[in-house]
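Please read the following points alongside the coordinates and check each against your own view of the chains.

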Amino acid sequence: MDILITGLILGGTYALIAMGLNLQYGVSRIMNLANGEMLVIGGFTAFALYTAGQVSPLLTIFIVAPVAYVLNWLVYRIMLRPLVKRAKSRGMLEQDAILTTFGLSFVMVGLMLWAFGGDYFSYSYLARPVVIFGDNFGLNRVVAFGCAALLCAGLYLWLNVSRAGMAIRAVAVSPENARLVGIDVPKLSARAFALGGAVTAVGGAVISTFLTLDASTGVMFTMKALIIVIMGGVGDVRGTILAALVLGLGETLVATFIDPGLTLAAAYALFIAILLFRPQGFFGRKPT
Amino acid sequence: MKRRTFFKATTLLAASLVAGAAMAADPIIVGAVAPKTGPLAGGAAVTHWPNIALWVKEVNERGGLTVGGEQRMLEVIEYDDQTNPAETIKAVQRLATQDDADIILAPYSTGLNLAAAPIFDRLGFPQITSSAATDQIGELSAQFNDMFFLLGRSSDLAEDAVEVLAELREAGEIGNRVAMVNVADAFGIELAAVGKPALEAAGFELVYETSYPLGTPDLSPIMKAAKAAEPDAFVAWSYPPDTFGLTEQAMIEELNVKAFYTAVATAFPAYGGRFGAAAEGVMGIGGVNTASPAFQDYAARLEAATGSKPDYWASGMMYASLQILEEAIETTGTLDMAEVTQFIKDNSFETVMGTIDFDDENNNTAYWTVGQWQGGEFKGIKETGREGAVAPILKTGWE
């Protein structure tokens, strides 16, 4: 029971890390390698507001989300739209986007160093035990799991019930055909990218309550997010959630029963297995 | 036309500036290379860079360094090596050949200093390392004649931590059961390789032992297993992110050991800042004599000049390395590095960390090995010949 809960909580953390990239890659077709940096910026904002004015990170997300939305929208309009326009195929767009966002990640690290310095950003928030079924868990991690659950449920409902959500899913499935039914694909792509960035930054703010960040930790989160999005299937919220939970449970099982030293190996073994036997991911569509 | 006049004006201005500068003595070019990005950037931002900023600021406010009867200002050229040894080497080379640096400061961390040792040696610059802890001091100084060591031997750091536990046990304060974990990365592995046999030799029972990869996002399975083993003492040969993570998990799991030790970054001000009163009694690698007026004065100046507090381990040593270099240059009155190196070998130096002199292996044999958070300061409790060690206290919960 204790392992199950630990695994689920870690899975929730992973969902927070990967959900934004899933939107950006699945809908806007931008493999955003600066995703982790956006997460760290969210974490920094939470840290800065908490240490300066004791603002709860759970309130900070209401500032972080709109600001990150606007920032990411601008990034898409200024940097990525030209790539989308000139790309002749999806493969070419992915290649260009990877190179551009890779560069962007360096710019963002540089800006963070300039603005915040390279020091560790570490604070204590809700670092109290809560007892669930007789075992202790960090309250901050449990709260993060709650945030992840809310965020995922909200996104899933919005994508499946609302008209805008349906249009976004249409773009994810087939941008060419979405245009034929009157969907403004460029506009929606920009919005999905911005939304993805906002989700990532919110995830960063929540995660910073229990993980120690510094300006150059972003790349670690990008790698994790990449694995989860590809495992889950590109462009499907359910896949990302499932992959995050599987990864969280898998790592916790290995850490508890085999050896904590093998968690990374286990994560990548799982990743390879899925690439071998189900390359489209849990919920991805087979290429036709 | 307008644009052309603007160009003329700026060229004139630039020319007059150059002429103005030429009247004063040429500046001394100080080359600095260390991580500003990458895994060690967080540590370098605390321990390394602020000291350079403070030193250059204070020397320049005095009017510069006196070399051959002439006062010359310092001018720093900084490179980010991205925590990548290949970049460190390239940057040192670039500083020497393209930037014509007069002095090159030793880089940050054990790994990057070892990587840069051959190039420092070839270029003939003294390499006064202040953040490198290694057991190969003898071999290294034999091979690289101008490499100096301030932070000591890594085995002393681990063995002394075990010794503190053994002393607490002899005094009847703690029991015999120890849980030991380590991060599966360079320094963590090295410390564990020394620490484990030392614990066994001291007669401790290792009730739990494991390693975990650097950057493990969830350390709770480790802490749960450690707690289940019911240890009397917990020892982690850890790195910065997991030093914070393990401490937080220990609080959450209510691991009530009487001795709790985490390695790198326990001495960082951010550790005390984050855990506050809960940090009381936590032991870690490093330590300083916090009661020393020289250290207190240095800490105050560093914070005033750079806004960052020194850590309680290598920060002071980093500043001491700059003091040593400064004294060697001013006393010999030259920027001839061979002469400066010889002076460093032959003399002892008064620094913010106390008197420092080097043995035949270019090693400073007196350094701090174990410290402990007591009353909001990380005080040295174990050393190899420094003054001001305080007695260890027991950890009493996490409130």
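**Notes on the model**

1. Helix 10 of chain B (residues 240-252) has 13 residues, which should span 18 Å at 1.5 Å a residue, and the distance of 19 Å between its end C-alpha atoms agrees with this; the expected span is taken as 1.5 Å times one less than the number of residues. Helices here are DSSP runs of H or I with at least four residues, strands are runs of E with at least two, and both are numbered from the N terminus. Helix 10 of chain B is mostly covered, with 13 of its 13 residues buried, where buried means that 20 or more other C-beta atoms, placed from the backbone, lie within 10 Å of the residue's own (exposed: 12 or fewer; partly exposed: in between). After helix 10 of chain B comes B:Glu254, with a positive phi near 55 degrees.

2. On provenance, this is a predicted model, in which local features need pLDDT of at least 70 and side-chain atom pairs count only at pLDDT 80 or more, while totals for chains, interfaces and linings use all residues. Residues are numbered from 1 along each chain as its sequence is written, and chains are lettered from A and ligands numbered from 1 in the order in which they are written.

3. As to confidence, pLDDT (the predictor's confidence in each residue, from 0 to 100) has a mean of 89 over chain A, where 99% of residues reach 70 or more. Among the elements of chain A, the lowest mean, 85, belongs to helix 7 (residues 175-180) and the highest, 93, to helix 8 (residues 185-207).

4. Strand 15 (residues 368-374) and strand 16 of chain B run antiparallel and are joined by six bridges, pairing being accepted when DSSP finds at least two bridges between two strands. They form a hairpin with two residues between them, and B:Gly375 in the turn has a positive phi of about 60 degrees. B:Trp368 has B:Glu383 in strand 16 of chain B as its bridge partner. Because six of its seven residues are buried, strand 16 of chain B (residues 377-383) is largely enclosed by the rest of the structure.

5. Between the chains, 32 residues of chain A are in contact with 32 residues of chain B, a contact requiring C-beta atoms, placed from the backbone, within 7 Å. The elements giving two or more residues to the chain A side include helix 1 (2-26), helix 4 (90-116) and strand 2 (135-138) of chain A.

Definitions and conventions
Two residues are in contact if their C-beta atoms, placed from the backbone, lie within 7 Å.
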